[in-house]
Amino acid sequence: MAQLGLALSGGGARGIAHLGVLAALDELQLPVAELAGVSSGAIASVFYAAGFAPREILRLLMSTNVFRLTRPAFSRFGLLHFDAVEQLLARHLGSTLNFEDLDRPVTLVATDLMVGESVYFNTGPLLPPLLASSAVPIIYRPVEYQGRQLVDGGLLNNLPVEPLLGRAGLRVVGVHCNPINPEARIPTFRRLIERTLHLAINANTPARKVKCDLLLEPPELRHYRPLGYKRGPELFDIGYRYAMNQATELRTLLQ
């Protein structure tokens with residue numbers, strides 16, 4: 001029987017929908033063999049592959065003081081501190097966790113800011129690549145790792161299907177959480193930054209969407225802001241309901 005390979009996009013708070021999708025796949029008892037993730041999709045991938053149930057991941061996120069994660073830094077490296085994010089991940093995952101310790105293979109993608117290329121990680125220490133994959137440029141400072149200056153992988157690849165392609169028996173399902181809202185309002189400078197990054201990152205996904213055996217892209221997500229973490233339960237439910245409605249297509253994919 002075929003198995004699923006999931007490519008999980010970034011999307012800030014919208015990425016909470018990934019947890020709903022994963023919960024639906026578990027409920028449908030569909031086999032997830034491998035994951036590739038970027039930014040919020042990287043975080044969802046790692047926690048899931050580390051054995052956390054999707055609803056437990058949601059609970060951990062909603063019990064986190066998100067304002068600490070978005071505390072202004074105003075340094076030459078970025079606008080926000082990354083220390084709280086690192087402490088949160090290390091507390092729940094452990095600071096010495098390796099990719100090889102996960103229950104299933106995971107590949108994370110980051111962007112080498114100096115070379116201008118995507119970098120893929122699937123072996124060795126897990127925390128530095130996870131932080132790098134989530135380091136939104138301008139917002140967070142780059143992560144220095146293996147002699148590279150690394151930032152959010154979504155900058156060049158926000159739907160990382162490449163590690164999953166050409167694998168015998170693996171059906172690639174892309175979960176994209178960044179549908180564009182053409183009616184969005186931009187009343188503040190912060191919203192302008194959000195919108196600019198959203199459009200720039202979204203531009204690299206169309207060619208990757210067509211490489212998926214199935215694409216899940218809940219249209220309702222376009223009404224939610226990338227920093228709208230307080231609406232986490234709603235975002236989770238959107239992902240869950242959308243995946244459950246695709247149950248027939250998912251099962252057919254595996255036959």
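**Exercise 1.** Is Asp 152 buried or exposed, and what is its relative accessible area? Place the residue in the predicted model and relate it to the other annotated position.

*Solution.*
Step 1. Asp 152 has a relative accessible area of 4%. Buried means under 20%, so Asp 152 is buried.
Step 2. Asp 152 belongs to strand S6, residues 148–152.
Step 3. The unreviewed UniProt entry assigns the feature "active site" to Ser 39 and Asp 152. These positions are spread over 114 residues of sequence, yet they cluster in space, with a largest C-alpha distance of 6.1 Å.
Step 4. Ser 39 sits in the loop between strand S2 (32–37) and helix H2 (40–49). Ser 39 is likewise buried, at 8% relative accessible area.
Step 5. Leaving aside residues up to four places away in sequence, Ser 39 touches Gly 10, Ser 133, Ser 134 and Asp 152. With the same exclusion, the contacts of Asp 152 include Ser 39, Thr 111, Ser 133 and Ser 134.

**Exercise 2.** Determine how strand S7 is enclosed and which strands pair with it.

*Solution.*
Step 1. Strand S7 spans residues 170–175, and five of its six residues are buried; it is therefore largely enclosed by the rest of the structure.
Step 2. Strand S1 (residues 3–8) pairs with S7 in the parallel sense over six bridges. Within this pairing, Gln 3 stands opposite Leu 170.
Step 3. Strand S8 (residues 214–216) also runs parallel to S7, joined by three bridges. Here Val 173 has Leu 214 as its bridge partner.

**Exercise 3.** Which residues are joined into one network by salt bridges that share partners? Contrast this network with the pair Glu 56 and Arg 59.

*Solution.*
Step 1. The whole structure contains eight salt bridges.
Step 2. One of them links the side chains of Asp 112 and Arg 148, at 2.6 Å from N to O. Asp 112 lies in strand S3 (residues 106–112) and Arg 148 in strand S6, so this pair ties together parts 36 residues apart in sequence.
Step 3. Arg 148 also forms a salt bridge with Glu 117, with the closest N and O atoms 3.4 Å apart. Glu 117 is in strand S4 (residues 117–121), 31 residues from Arg 148 in sequence.
Step 4. Asp 112, Glu 117 and Arg 148 thus form one network. Asp 112 is buried at 3%, whereas Arg 148 is partly exposed at 25% and Glu 117 is partly exposed at 35%.
Step 5. Glu 56 and Arg 59 meet in a salt bridge of 2.9 Å, N to O. Both lie in helix H3 (residues 54–62), three residues apart, about one turn of the helix.

Notes. Residues numbered from 1 in each chain as written. Predicted model: local features only at pLDDT ≥ 70, side-chain atom pairs only at ≥ 80, totals over all residues. Heavy atoms only, no water. UniProt positions renumbered as here; feature names shortened; annotations may be inferred. Helix = DSSP H or I, 4+ residues; strand = E, 2+ residues; numbered from the N terminus. Buried < 20%, exposed > 50% of the residue type's maximum accessible area, 1.4 Å probe, protein only. Contact = heavy atoms within 4.5 Å. Pairing = 2+ DSSP bridges. Salt bridge = Lys/Arg side-chain N within 4 Å of Asp/Glu carboxyl O.
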